[in-house]
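Here is a set of exercises to work through with the model open beside you. Try each task before you read its solution.

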Amino acid sequence: MLKRVSLFAGAVVAVVTLAVVFAQDKKEPEKVDVPEMKFDDVKEIAPGVFFRYSSISATDKKVPFGGSNNTWIVFKDYVVVIDANFPKEAEDVMAAIKKTTDKPVKYVFDTHHHGDHAWGNTIWAKAGAKVIGSKDCARLLKTKGPAEWKQEQDKLDGRKDIKANELKLVDEDFAEKLVLDDGTQTVEFHFLGHAHTPGDAVAYLPKQKILCTGDMCVNGAFNYCGHADTASWIKVLEKAEKFDVKLVCPGHGPVAGKDVLAKQRRWFEDLRAAVKKGVDDKKELKDITAGLSFDWYEKWTGVGAKTRDENAEHVYKELTGKIDHSKLGLLTPAADVGAKTE
Ligand SMILES: [Zn+2]
């Protein structure tokens, strides 16, 4: 018996129609309805596939950060959840799932090791779920997780849900691809390379043509580059664009059409080109950053490119040989942790 009444009764869902050109038929753009949602809304975006839009804003500081977005897929006998979120938010998502199905959560998939995507593992595991992640997601959560978790616990103003819980690691990892298929639903987990982190992986639903990207693609000015390889990230996005996709469920920001993958790629292409020009012209980082201006980016995200100083600094360090990508995510906790978990 489905119990989704309270979530959806009376809800008038506005839709935005996007024209998306698909690889297999470039002449006939397919119209895709992208649901418009408010924070914490849950919507069934395809039969048996639900998306919860978590709060985040690059322009309004009053909006609290609600962790990652979540997608869940209802199989015949169980539920698969994309991203564990933080522990507190995992409980909120669990309550939302119970309004859509009585089936138990059997698997939770960490798109990467960051706290807002993996620290809620403990909650899902206590409810009987198995945690899935890529090999490098599992490795980074294991090597970095304990110190990060303790640092948060020791903070006077640290998260209460971290103080009250313990770190839970990945149970089952995969190198390239792992598929869950029970004849009614199919979810494929793909590792496509180093993007936002060395361990990023995506969840692809071939029947519904939905791609859940984690932070490999966000919809808005929410990129954090601390563990990124931006040259590789562009290649990963190119690979993702080869998938037959109608809807993208990003790690942060509203659900989108396939076009958001190209926007995310263009950000790193344009940023790298602008920073490279600045480096070639022997400009200082602060002057390069202050000169960043892409109208299309501001139109997309609502903020100017020059406000994304963390992204610019990371690219500057990459292009000036100051970053060893093989060591990213493995710095000492004091230098590496806590600032951002997006
Ligand atoms: Zn992240």
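**Exercise 1. Find the partner of Ser-134, then build up the sheet around that pair.**

Step 1. Ser-134 stands opposite Phe-174, a residue of β9. Before going further, note that this is a predicted model, in which local features need pLDDT of at least 70, side-chain atom pairs count only at pLDDT 80 or more, and totals for chains, interfaces and linings use all residues. Residues are numbered from 1 along each chain as its sequence is written.

Step 2. Strand β8 (residues 130-134) and β9 run parallel and are joined by three bridges. Strands here are DSSP runs of E with at least two residues, helices are runs of H or I with at least four, and both are numbered from the N terminus. Two strands pair if DSSP finds at least two bridges between them.

Step 3. Now widen the view: the order β3-β4-β5-β6-β7-β8-β9 gives an open sheet of seven strands with mixed pairing. At its edges stand β3 (42-46) and β9 (172-174), each with a single partner strand, so one side of each has no neighbour in the sheet. From one strand to the next, the twist averages 25 degrees.

Step 4. Add the helix: α5 (residues 135-154) lies across β8 and β9 and runs at about 110 degrees to β8. Such angles run from 0 to 180 degrees between N-to-C directions, with axes being lines fitted to C-alpha atoms, for helices over the stretch in contact.

**Exercise 2. Trace the six-strand sheet and describe how β12 sits in it.**

Step 1. The strand order is β10-β11-β12-β13-β14-β15, an open sheet with mixed pairing. Its edge strands are β10 (177-181) and β15, and each has a single partner, so one side of each is left without a neighbour in the sheet.

Step 2. Strand β11 (residues 186-191) runs antiparallel to β12, with four bridges between them. In this pair, Phe-191 stands opposite Ala-201.

Step 3. On to the next pair: β12 and β13 are antiparallel over three bridges, and Leu-205 stands opposite Ile-210 in β13. Their hairpin has four residues between the strands, and Lys-209 takes a positive phi near 55 degrees there.

Step 4. Strand β13 (residues 210-214) is joined to β14 by four bridges, and these two run parallel. Ile-210 appears again here, opposite Leu-247 in β14.

Step 5. Is β12 (residues 201-205) mostly covered or mostly open? Five of its five residues are buried, so to speak of it as mostly covered fits the definition (buried: 20 or more other C-beta atoms within 10 Å of its own; exposed: 12 or fewer; partly exposed in between; C-beta atoms placed from the backbone). Ala-201, Ala-203 and Leu-205 point one way, while Val-202 and Tyr-204 point the other.

**Exercise 3. Check the length of α8 and work out which residues form its buried side.**

Step 1. The expected span is 1.5 Å times one less than the number of residues. For the 22 residues of α8 (residues 259-280) this gives 32 Å, and the end C-alpha atoms are 31 Å apart, which agrees.

Step 2. The buried residues of α8 are Val-260, Leu-261, Gln-264, Trp-267, Phe-268, Leu-271, Val-275 and Gly-278. They cover an arc of only 140 degrees around the axis, which puts them on the same side of α8; the arc is that of the directions from the helix axis to the C-beta atoms.

Step 3. The face turned away from this buried side carries the exposed residues Ala-273, Lys-277 and Asp-280.

Step 4. Among the elements covering the buried residues are α7 (230-241), α10 (295-301) and α11 (309-319). Just after α8, Lys-282 has a positive phi of about 60 degrees.

**Exercise 4. Decide whether Asn-85 is buried or exposed, and list what it touches.**

Step 1. Asn-85 is in the loop between β6 (79-82) and α2 (87-98).

Step 2. It has 31 C-beta neighbours inside 10 Å, so Asn-85 counts as buried.

Step 3. Leaving out residues up to four places away in sequence, Asn-85 touches Gly-67, Ser-68, Asn-70, Ala-90, Val-93, Asp-116, His-117 and Gly-120. A contact means that two C-beta atoms, placed from the backbone, lie within 7 Å.
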